[in-house]
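Student: I should like to learn how helix packing and internal spaces are read from a model. May we take one example and work through it together?

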Amino acid sequence: MNFQEFFHTRLNALHAEGNYRVFAELQRDCGGFPAAKQYTGRRARKVTIWCSNDYLGMGQHPAVLEAMHAAIDRCGAGAGGTRNISGTTHDHVLLERELADLHGKEAALLFTSGYVSNWAALGTLAAQIPGCIVFSDALNHASMIEGIRHSRAEKVIWKHNDLADLEAKLSAAPRDAPKLIAFESVYSMDGDIAPIREICDLADRFGAMTYLDEVHAVGLYGPRGGGIAEREGQMHRLTVIEGTLGKAFGVVGGYIAASAALCDFVRSFASGFIFTTALPPAVAAAAAASVRHLKSSSVEREMHRERVAQLRAQLDARDIPHLDNPSHIIPVIVGDPVKCKFVSDTLLGEFGLYIQPINYPTVPKGTERLRITPSPVHNDHDAANLADALSTLWQRCQIARMPIAAQ
C-alpha cells in the first residue's frame, strides 16, 4: 500500500468538500483580550477573537495570573510525575477541595483535560460495574462517546433531550440491570439545555446513576458558577458532575465531582488518570484562584449575559440567522461548508475578525455554522463591527436571511 498517497487522497477530499481545517496562528493579548495577533509567516496583525471558550476572560484575570506566577516561583514548572508517583502537590489537593465545594460533593478528582475526564470516568464506571447499561444522549460529546465505547458496556442511545424516548428505553431495559444516564447540560453546538430535573426524576424512578457533563456551564451559571445544575437546584441529585477548567475558568484541565467513594474508585481503576503526568502545580493554583473568584463574584456572569443579549439583538436587526437558544452560545447558520469557510476566511482576512467555521463531522451536513461566543471583554463597538461584517458577507454570498428555531 502507498501510505502517503492514501493520506493525500483523503486530505484532498476534505479540501474539495470544504471540510479541511486550518489552524489560525494566534497570540492572545494579555490585558487586551479579545484582541490578539494573527501570524502569517513572519508578519503579525491585530484581530478580534469571537469564538474563544475562555467565556469570561478569566485567562487574563489578575487573580488567576498572580496565583500562577506565585506557584511557578514556589514549585517550578512541572508536577514531576503522575499523581501516584510524586505528582500530587498541595495545589492539586486544594483545587480538588474547591471543586468538591463548588458542586456540593464530598470529593473531586482532577484530570489533564475535560476530554480525558469524560473518557476515563465514563469508561471506568461503565466497564467496572457488572452488567452496566449506559443511556447516552444522542448529541453527547465525542469524549463521552469514546469513554462509553472503550468500556464495552451495553449502550443505549436516546433521542436528544427527549424524555419520552429516555423513559421508553429505561422501561425496556432489565429491571435489575445497573443503569447510568449520561448527558450534558449545555450542548456546545446548538446551545440548548438539558431538562436536568426531569432526567433526575427518571433516574430516581428506574434506580439509575446520573452523569452530567457541565463543561460549557461551569463558571457561567448558578449563583457560584456551579453550572446549570446549581442554577436549578439539582446538584445533590446527580451522581457525577463533570467539568472543565479550560473554558469559563480560563486555564486547562478537567475533573469529576461525586461521592468520596466514587472518586476514589475512579482514581484507583482509571488508566487515563493513573498513567499520565499530573497537571503543573501552577495550572492547579491558577484554576483554584479562578474557581474561588467566580464563587464570590457575579460581575463577570452578569456582564456576559448582557453581551450575549446585545449581540443577538444586533444580529436580529440585520436578519442574520442564528439558533434561538437559552444559553450563551450563538450558532450563526450558513448551511454550506464552502460558503461557511469562505465567510470565516473573509471575516479574518478582510475584517480582522476570527471565528472558526464549524463543519461536518462536528455538526451534521447542511447545518454548517459560525459558533460565536461573546464575552464580558467584548464591547459595544466589537458587537456592531461583527454584525455589520456578517451582514456584508451574507449579501455577498447570497446566504438566506431568516429566523431559525431552536433545535
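The dialogue below turns to helix pairs and then to a cavity and a pocket.

Tutor: Please keep in mind throughout that this is a predicted model.

Student: How are two packed helices described?

Tutor: Two packed helices are described by the angle between their axes and the distance between the axes. Let us begin with helix α2 (residues 62-75) and helix α11 (residues 281-296), whose axes lie 8 Å apart at an angle of about 150°. Angles over 145 degrees count as roughly antiparallel, and α2 is therefore roughly antiparallel to α11.

Student: What is the handedness of the crossing of α2 and α11, and which residues of the two helices meet?

Tutor: The crossing of α2 and α11 is right-handed. On the α2 side, the residues are Ala-63, Val-64, Ala-67, Met-68, Ala-71, Ile-72, Arg-74 and Cys-75. They meet Pro-281, Ala-282, Val-283, Ala-285, Ala-286, Ala-289 and Ser-290 of α11. By class, this contact of α2 with α11 comprises 13 nonpolar residues, one polar residue and one charged residue.

Student: At what angle does α3 pack with α11?

Tutor: Helix α3 (residues 90-102) packs with α11 at about 30°, and their axes are 8 Å apart. Since angles under 35 degrees count as roughly parallel, α3 is roughly parallel to α11. The crossing of α3 with α11 is left-handed.

Student: Which residues form this contact of α3 with α11, and how do they divide by class?

Tutor: From α3 come Asp-91, His-92, Leu-95, Glu-98, Leu-99, Asp-101 and Leu-102. Their partners in α11 include Pro-281, Ala-284, Ala-285, Arg-292 and Lys-295. The contact of α3 with α11 divides into nine nonpolar, one polar and five charged residues. Pro-281 and Ala-285 of α11 are also named in the contact with α2.

Student: How do the axes of α6 and α7 lie with respect to each other?

Tutor: Helix α6 (residues 163-172) and helix α7 (residues 196-206) have axes that come within 11 Å and cross at roughly 10°. The two helices are therefore roughly parallel to each other, and their crossing is right-handed. Leu-163, Leu-166, Glu-167, Leu-170 and Ser-171 of α6 make the contact with Glu-198, Ile-199, Leu-202, Arg-205 and Phe-206 of α7. Six of the residues in the contact of α6 with α7 are nonpolar, one is polar and three are charged.

Student: Turning to internal spaces, how many cavities of 30 Å³ or more does the structure hold, and what lines the largest cavity?

Tutor: There is one cavity of 30 Å³ or more, and the largest cavity contains about 80 Å³ of space. Its lining consists of Arg-83, His-92, Leu-110, Phe-111, Thr-112, Gly-272, Phe-273, Thr-276, Thr-277, Ala-278 and Leu-279. Strand β4 (107-111) and helix α10 (271-274) each supply at least two residues of this lining. By class, the lining of the largest cavity has five nonpolar, five polar and one charged. His-92, one of these lining residues, also belongs to the contact of α3 with α11.

Student: Which element gives the largest share of the lining of the second largest pocket?

Tutor: Helix α12 (residues 299-317) gives the largest share, with four residues. The second largest pocket has about 190 Å³ of space. Among the residues that line this pocket are Tyr-221, Pro-223, Arg-231, Arg-301, His-304, Arg-305 and Val-308. The lining of the second largest pocket comprises five nonpolar, four polar and three charged residues.

How values were computed: Residues are numbered from 1 along each chain as its sequence is written. This is a predicted model: local features need pLDDT of at least 70, side-chain atom pairs count only at pLDDT 80 or more; totals for chains, interfaces and linings use all residues. Side-chain values use heavy atoms; hydrogens and water are left out. Axes are lines fitted to C-alpha atoms, for helices over the stretch in contact, and angles run from 0 to 180 degrees between N-to-C directions. Angles under 35 degrees count as roughly parallel, over 145 as roughly antiparallel, 65 to 115 as roughly perpendicular and the rest as oblique. A crossing is left-handed if the near helix is turned anticlockwise from the far one by less than a right angle, and right-handed if clockwise. Contact means heavy atoms within 4.5 Å. Ala, Val, Leu, Ile, Met, Phe, Trp, Tyr, Cys and Pro count as nonpolar, Asp, Glu, Lys and Arg as charged, and the others, Gly among them, as polar. On a 1 Å grid over the protein atoms alone, a cavity is a set of points where a 1.4 Å probe fits but cannot get out, and a pocket is an open set with protein on both sides within 12 Å along at least five of seven lines; lining residues have an atom within 4 Å of a point. Grid points are joined across faces, edges and corners, and a volume is the space filled by probe spheres set on the points.
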